[in-house]
Amino acid sequence: MKVSYNWLKQFIKIDWNSEETAALLTDLGLEVETVDKYQSIKGGLEGIVVGHVLTCVPHPDADRLKVTTVDLGDGVPVQIVCGASNVAAGQKVPVATIGTVLYDKDGQSFTIKKGKIRGQESHGMICAEDELGLGESHDGIMVLDEKLIAGTKASTVFNIENDEVFEIGLTPNRADAMSHLGTARDLRAGMLQSGVNVELITPSVSNFRVDKRTLKIDVDVKNNKLAPRYCGVTISGITVKSSPEWLQNRLKAIGINPKNNIVDVTNYVLHDLGQPLHAFDASKINGKIHVQTLEAGTKFITLDEIERTLHEEDLMICDDKGPMCIAGVFGGKKSGVSENTTSIFLESAYFNPISIRKTAKRHQLNTDASFRFERGIDPTITEYALKRAALLIQEVAGGEITSDIIDIYPKKAEDFTVFLNFNKVAKIIGQEIPKDTIKQILASLEIKVNSVTDAGLGLIIPCYRVDVQREIDVIEEILRVYGYNNIGISKKVNASVSNSPRTEDYKVQNTVASQLNAQGFHEMMANSLTTASYISLSETLKETHNVTMLNPLSSDLSTMRQSLLFSGLEALAYNINRKNSDLKLFEFGKTYHNFEAGYEEIKHLTLFQTGNTSRENWNNPLQPSNFFLFKGYVMAILEKLGIQKSISIPVTSDVFSEGIALGIGQETLVEFGVVKKSIAKHFGIKQEILFADFNWALVLKLVSNKIKFTDIPKYPEVRRDLALLLDTQITYDALYKIARQTEKTLVKEINLFDVYEGANLPEGKKSYALSFIIQDTTKTLEDSQIDKIMNKLQKSFESELGATIR
């Protein structure tokens, strides 16, 4: 939110510099992010002076140029070459002197330098309106009042507005501060606490009166819950034209482009008091005004000339013939004010914040009006803001008030009541604040004290403070005005030591994350909201289990994710499309499910790998990621966590073209494999994707809190190899299981170190080369024992798998 310092000073008389004011606003919770300079004319006409043209003769070498001598007030006339047809001796003109920086219509700067034009020296530039930013005309140079004295600075001749603009990072709860009045109100409270006694000055509307009662437009509010208060008045005999300079400068300073005097006034009051307004061309209103909802599917063209389809819950401002405006959000094309408008119906209302928020999100419209309505404006100033705007319109556009104010307000907004306990204030803040100081702070925030006891205060909170409805909210208000920096810090340091287990979630996460980082993985964090249509990519995910948002920001963010795969694929696709195709990512995240038993969150760890395993190098050829390397990453996590008793079980997810699942008992611990090409293609990914999904709750359950130690074996280990000829359908897993069952004690490791399929082998056969590490921790093994184990293994492979020794 942008706040003009000059505008702010209309509400509160302050002579502080902008840095002091910004610091206080930030301490009050209205964080000032930047303070920018504003000038109604860019550059402030620095370097521009009034010049007196002494002579003007044709350029000897150019028909359209003239050579002038100009007095700049320093007693030394300078020569300036000018191309304007209207330049003449005796004129007073604006001159840009050497070194002056001017700006073109696109805001690009250029510097006036000494130079030669067709052989004639030129020491400056005689300027036109558009070159100075004083107008649009470029028909010729500006001719100034002949009474002006040469050398006078142009900045004193023209009314230049110099301002400073605060960019405030307004938090959503501070609806009361969404205007210059609201900011000034907070600033006054802070200044009073700092010992500076200032008053809050609000614009007077005492001059408001009805001139004639010749244009009455009746209003029918059909839904008071959606429109609790609705005010309106007619103004006739207006002239729609450009706004006066002061009004344009106020709006330009906060980044609003002026349109015409009527629209500008409504924008001005919105940022002045925080009350959105809307002006309808009264001649385009047929019959009554109806504040109502319409049937779903009704078409309506808004000011931006886009046809929108209305929802049955959209609150509309209509006449007898149809809709004219989306209430509190956006006006309609047909009822808006134009240059031909001579009478208006001016609307000021309080609309239901939830209704406005839903409508704005539904139509993807974010306007200054909806921004305020959906956060909750002050319902008590609706009529006051209407009078303020009506008087301003009369000031800048003329006209007469031609109706009484219509104010439909069947149920007045009630203030909030809160009891504030003094002991609770001291306990929460950590320091006792004097009771008189508390009362002073509350009074400065317009919070009334209804009753006083030894224990505390009975308070009445203004209804516009929608964020202050509980005792803790009041304490927060007291603290922010009193000043967080004024709370003392104890010199005594208190600390407690807790004996937390090693298996706490965050500790295990850090252990795994550190290992994955060391292996070249990068952690990612994806949005939990995703696209509902992704569910169709997997038959194991059910649409009925979707957790759907009631008020989604968009269709792409309408559902809570049931799988971390798809958000991960989005991240991979984003990187691959930007030539970053060698990726290793991991994510700790949750999935969300709507089961019959109720809603459930399930935590996961997922791994992704795609592209090459390492960068290209002269001594390291490119190697694409492969399943077995990826399996090593998965197994390394389990080994790191001491999970060793997992078994292979069927893969339940259908997202893999090839995959393995490991489990404990009947529970799946991790599934990993190659993602189906059809799923990758949906995200525009052509390269192979490896994906692993850990059931993190089961991982935590299996991680032991005990540290186990074993002695380093004193006796040597022995390696023996077997080369087996097998049927092609036999897997290494089958060999591994048979070896483990055959010799459970002395065979420590089993490894597949070579696979061969091809020439010189019988059809339907393949060769597996296995290595076995054999060791006895109590003695040195003899050759006869080793041979006995190897013969036993060989016979088991031959009898159970039909293997033969190569």
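Hi everyone, let's start with a pair of strands: β32 (583-595) and β33 (residues 598-610) are joined by 13 bridges and run antiparallel. Here, two strands count as paired if DSSP finds at least two bridges between them. Helices (H or I, at least four residues) and strands (E, at least two) are DSSP runs, numbered from the N terminus.

Before going on, a word about the model: it is predicted, so local features need pLDDT of at least 70 and side-chain atom pairs count only at pLDDT 80 or more, while totals for chains, interfaces and linings use all residues. Residues are numbered from 1 along each chain as its sequence is written, and side-chain values use heavy atoms, with hydrogens and water left out.

Back to our two strands. They make a hairpin, with two residues between them. If you want a place to look, T591 has I602 as its bridge partner in β33. β32 also has a parallel partner, strand β28 (residues 522-523), joined to it by two bridges. There, E523 stands opposite F586 of β32.

Is β32 mostly covered or mostly open? Mostly covered: ten of its 13 residues are buried. Buried means under 20% relative accessible area, exposed means over 50%, and partly exposed is in between, using a 1.4 Å probe and protein chains only.

Just before that strand, have a look at K579, in the loop between α15 (565-576) and β32. K579 has a positive phi of about 65°, although it is not a glycine. K579 counts as exposed, at 77% relative accessibility. E305 is another residue to find: its phi is near 65°, again positive in a residue other than glycine. E305 sits in the loop between β17 (299-301) and β18 (307-309), and its relative accessible area of 56% makes it exposed.

Now let's go to the beginning of the chain. There is an open sheet of three strands there, in the order β1-β12-β2, with antiparallel pairing. Its edge strands are β1 (2-4) and β2, each pairing on one side only. From one strand to the next, the twist averages 25°. As a general reminder, strands of a sheet pair through backbone hydrogen bonds, either parallel or antiparallel. β2 and β12 are linked by seven bridges, and V32 has I168 as its bridge partner in β12.

What lies across β1, β2 and β12? Helix α6 (residues 245-253) does, running at about 145° to β2. Axes here are lines fitted to C-alpha atoms, for helices over the stretch in contact, and angles run from 0 to 180 degrees between N-to-C directions.

Helix α2 (residues 18-27) is our next stop, with S18, T21, A22, L24 and L25 buried. Why do these buried residues line one face of the helix? Seen down the axis of α2, they fall within an arc of 165°, so they share that face. The arc is that of the directions from the helix axis to the C-beta atoms. These buried residues pack against α1 (5-8), β2 (32-39), β12 (162-168) and α5 (180-193). Contact, by the way, means heavy atoms within 4.5 Å.

There is also an open sheet of five strands, ordered β5-β4-β3-β6-β11, again with antiparallel pairing. Its edges are β5 (78-82) and β11 (125-126), each pairing on one side only. Within this sheet, six bridges join β3 (residues 48-58) to β4 (residues 66-71), and H52 stands opposite D71 in β4.

Next, a helix pair. α7 (residues 261-273) and α10 (residues 382-397) pack at an angle of about 140°, with their axes 9 Å apart. Which residues of α7 take part? They are N261, I262, V265, Y268, V269, D272 and L273, and they meet residues of α10 including Y384, R388, L392 and V396. By class, this contact has twelve nonpolar, one polar and two charged residues. For those classes, Ala, Val, Leu, Ile, Met, Phe, Trp, Tyr, Cys and Pro count as nonpolar, Asp, Glu, Lys and Arg as charged, and the others, Gly among them, as polar.

One last residue: F371, in helix α9 (residues 368-373). F371 is partly exposed, with a relative accessible area of 25%. Leaving aside neighbours within four places in sequence, F371 is in contact with M178 and N366. Thanks for listening!
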